[in-house]
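User: I am new to this structure and would like a close look at a single part, the largest pocket, together with the residues around it. Please take it slowly and set that part within the whole.

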Amino acid sequence: MPSIPKSFFFSTRFIILSNGISNRPPPWLVNALGFVPFAVLTAIIVPAILLDPADQTIALWDNPRLFAAALAIIAALVTRQMITTIGVGLVALWILQWAM
């Protein structure tokens, strides 16, 4: 019984690494994989900005993270520098959290 999982894992890796099949993915897969970073970053960033950590509800008007993110996006579009974007976002978040 223990040899079945071993042979299964060996055969799956052997098929992929051998020259029996093409090593290039099809063009439709390469095209679809281009959207993966946007989808993953959106799934991570949007809940972190919109959800209120206290009660897990969507906060729009009294949310300092939303306004800080908007200022960071503007800074990113204007300067095209990552460190400036991070700095503007952090400073804006600190000031907005202090003010609200």
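Analyst: The accessible surface of the protein comes to about 8,400 Å², and 76% of that area belongs to carbon and sulfur atoms (Shrake-Rupley method, 1.4 Å probe, with only the protein chains shown counting as cover for residues). This is a predicted model, in which local features need pLDDT of at least 70 and side-chain atom pairs count only at pLDDT 80 or more, while totals for chains, interfaces and linings use all residues. Residues are numbered from 1 along each chain as its sequence is written, and side-chain values use heavy atoms, with hydrogens and water left out.

Before turning to the pocket, it helps to have the whole chain in view. The protein has five helices and zero strands, so named from DSSP runs numbered from the N terminus (helices H or I of at least four residues, strands E of at least two), and its elements follow one another from that end as α-α-α-α-α. Taken along the principal axes, its C-alpha atoms fill a box of roughly 65 × 35 × 20 Å. Of the 100 residues in the protein, 14% are buried (under 20% relative accessible area, with exposed over 50% and partly exposed in between, for a 1.4 Å probe and protein chains only). Among the contacts with a separation of 6 or more, 29% join residues 24 or more positions apart (contact being heavy atoms within 4.5 Å).

The part you asked about, the largest pocket, has a volume of about 580 Å³. A pocket here is an open set of points on a 1 Å grid over the protein atoms alone, with protein on both sides within 12 Å along at least five of seven lines, whereas a cavity is a set where a 1.4 Å probe fits but cannot get out; lining residues have an atom within 4 Å of a point. Points are joined across faces, edges and corners, and the volume is the space filled by probe spheres set on them.

The largest pocket is lined by 21 residues, and those closest to its centre are Ile 45, Ile 49, Ala 69, Ala 72 and Ile 73. Three elements give two or more residues to this lining, namely helix H3 (36-50), helix H4 (64-79) and helix H5 (82-99), and the largest share, ten residues, comes from H3. By class, the lining holds 17 nonpolar residues, three polar and one charged (nonpolar being Ala, Val, Leu, Ile, Met, Phe, Trp, Tyr, Cys and Pro, charged being Asp, Glu, Lys and Arg, and polar the others, Gly among them).

Some of the residues closest to the centre can be followed to their partners. Ile 49, a residue of helix H3, is in contact with Asn 63, Arg 65, Leu 66 and Ala 69 once neighbours within four places in sequence are left aside. The C-alpha atom of Ile 49 is separated by 8.8 Å from that of Pro 64, although the two residues are 15 apart along the chain.

Asn 63, which touches Ile 49, sits in the loop between H3 and H4 and counts as buried, because its relative accessibility is 1%. Besides Ile 49, Asn 63 also contacts Leu 50 and Met 100, with neighbours up to four places away set aside. Asn 63 and Leu 41, by contrast, are 22 residues apart in sequence and 20 Å apart in space, C-alpha to C-alpha.

Ala 72, another residue close to the pocket centre, leads across to helix H5. Thr 85 lies in that helix, and it touches Ala 72, Ala 75, Ala 76 and Thr 79, not counting residues up to four places away in sequence. Thr 85 has a relative accessible area of 17% and is therefore buried. Thr 84, also in H5, is partly exposed at 26%; from C-alpha to C-alpha, Thr 84 is 8.5 Å from Ala 72, with their positions twelve residues apart in sequence.

The loops that join these three helices deserve a last look. In the loop between H3 and H4 is Gln 56, which has a positive phi of about 55° although it is not a glycine, and which counts as exposed at 52% relative accessibility. In the loop between H4 and H5 is Arg 80, with a positive phi of about 60° although it, too, is not a glycine; at 69% relative accessibility, Arg 80 is exposed.
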